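User: Please take a close look at a single part of this structure. Start from one residue and work outwards, in short steps.

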Amino acid sequence: MRHYSILIPAGLLLAGLAGCDHDTDDSDPTPVSYSFASRPASGYSRVDRMGMPAVATAVITSKDAYNAADPTDDAAGDFVGEITSNVNALHAALDDDLTAAGLTPASDGVGQAAPLVVPDTIAVNTTMPAGFPNGRRLADPVIDVTLAVVLLDLSVHNAGTLAGLPLNPPANDKAFLVAFPYLAAPHQP
């Protein structure tokens with residue numbers, strides 16, 4: 001099993017964001033060529049750690065320290081106290097609502113989710129089918145699955161329970177492309 005941590009050169013990130021609003025003609029079949037950087041890892045700056053969805057966003061409060069750290073720091077337990085405190089706060093705030101919705105809250109959300117979120121990496125096992133948590137496909141309901149693993153008793157509910165609720169759109173409103181960059185063209189104003 002391989003674990004990946006994504007590093008983005010700061011200039012490339014800004015250039016990519018600036019290029020997001022360009023006009024795109026969906027009917028133009030002309031292939032687009034892409035140029036990829038080939039610098040060594042030391043030539044890049046980490047701007048955000050987002051291997052597992054919602055970890056850095058929802059349960060890490062010391063964001064700068066977390067983004068400067070490595071997955072080995074996660075495995076060493078450097079952020080376990082912070083994650084535990086914030087997951088317990090989520091349960092204190094949401095368990096009554098989960099129960100009222102007919103769902104059974106996890107009695108140990110941290111212990112149940114720890115193998116999935118510590119270390120904060122994307123695990124890929126090429127001998128297993130692709131799909132979250134084995135990698136991440138564009139259409140995978142990663143937030144719903146992560147929340148279910150953290151919040152619900154998985155002996156009663158499966159990890160897809162929240163993804164099956166009509167809370168979010170069931171699919172993307174534009175079809176994904178079948179070739180790189182795979183994302184649909186943005187909506188034009």
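Analyst: **A close look at one part**

Asp140 is buried, because its relative accessible area is 11% and buried means under 20%. Keep in mind that this is a predicted model.

Who is the partner of Asp140? Asp140 forms a salt bridge with Arg137. The closest N and O atoms of the pair are 2.9 Å apart. Arg137 is partly exposed, with a relative accessible area of 47%. The bridge therefore joins a buried Asp140 to a partly exposed Arg137.

Now look at the space beside Asp140. Asp140 helps to line the second largest pocket. The volume of this pocket is about 440 Å³. Its lining has 18 residues. Nearest the centre lie Ala139, Asp140, Pro141, Asp144 and Pro169. Sorted by class, the lining holds 12 nonpolar, 2 polar and 4 charged residues. Asp140 and Asp144 are among the charged ones, since Asp counts as charged.

Next, take Leu138. Leu138 belongs to a nonpolar patch on the surface. The other members are Tyr34, Phe36, Phe176, Phe180, Tyr182 and Leu183. Together the patch has about 710 Å² of accessible area. Tyr34 comes from the loop between α1 (10-18) and α2 (55-59). With a relative accessibility of 40%, Tyr34 counts as partly exposed. Tyr182 sits in the segment after α7. Tyr182 is partly exposed at 39% relative accessible area.

The backbone at this end of the patch deserves a look. A cis peptide bond joins Phe180, a patch member, to Pro181. Its omega is about 15 degrees. Pro181 is in the segment after α7 (142-151). Then comes Tyr182, with a positive phi near 70 degrees. Tyr182 is a residue other than glycine.

Now set this part against the chain as a whole. The chain has 7 helices and 2 strands. From the N terminus the order is β-α-α-α-α-α-α-β-α. Of the 189 residues, 29% count as buried.

How many salt bridges are counted in the model? The count comes to 2. One of them is the Asp140 and Arg137 pair. Another pair is Arg49 and Asp74, whose closest N and O atoms are 2.3 Å apart. Arg49 lies in the loop between α1 and α2, and Asp74 in helix α4 (residues 71-75), so this bridge ties together parts that are 25 residues apart in sequence. Arg49 counts as buried, at 3% relative accessibility. Asp74 is buried, at 5% relative accessible area.

Asp74 leads to an enclosed space. Asp74 lines the largest cavity, together with Tyr66, Gly77, Asp78, Phe79, Val80, Ile83, Val117 and Val118. The volume of this cavity is about 40 Å³. Its lining divides into 6 nonpolar, 1 polar and 2 charged residues.

Val118 brings us back to the backbone. The peptide bond from Val118 to Pro119 is cis, with omega near 5 degrees. Pro119 lies in the loop between α6 (109-117) and β2 (122-124).

One last stop is the loop that holds Arg49. Ala54 is found in the loop between α1 and α2. Its phi is positive, about 75 degrees, although Ala54 is not a glycine. Ala54 is buried, with a relative accessible area of 18%.

To return to the start: Asp140 is buried, pairs with Arg137, and lies among the residues nearest the centre of the second largest pocket.

Methods
Residues numbered from 1 in each chain as written. Predicted model: local features only at pLDDT ≥ 70, side-chain atom pairs only at ≥ 80, totals over all residues. Heavy atoms only, no water. 1 Å grid on protein atoms, 1.4 Å probe; cavity = no way out; pocket = protein on both sides within 12 Å on 5 of 7 lines; lining within 4 Å. Points joined across faces, edges and corners; volume = space filled by probe spheres on them. Patch = residues over 30% accessible without salt bridge, like charges linked within 9 Å, V, L, I, M, F, W, Y side chains within 5 Å. Areas by Shrake-Rupley, 256 points an atom, 1.4 Å probe, with all protein chains shown as cover. Salt bridge = Lys/Arg side-chain N within 4 Å of Asp/Glu carboxyl O. Helix = DSSP H or I, 4+ residues; strand = E, 2+ residues; numbered from the N terminus. Buried < 20%, exposed > 50% of the residue type's maximum accessible area, 1.4 Å probe, protein only.
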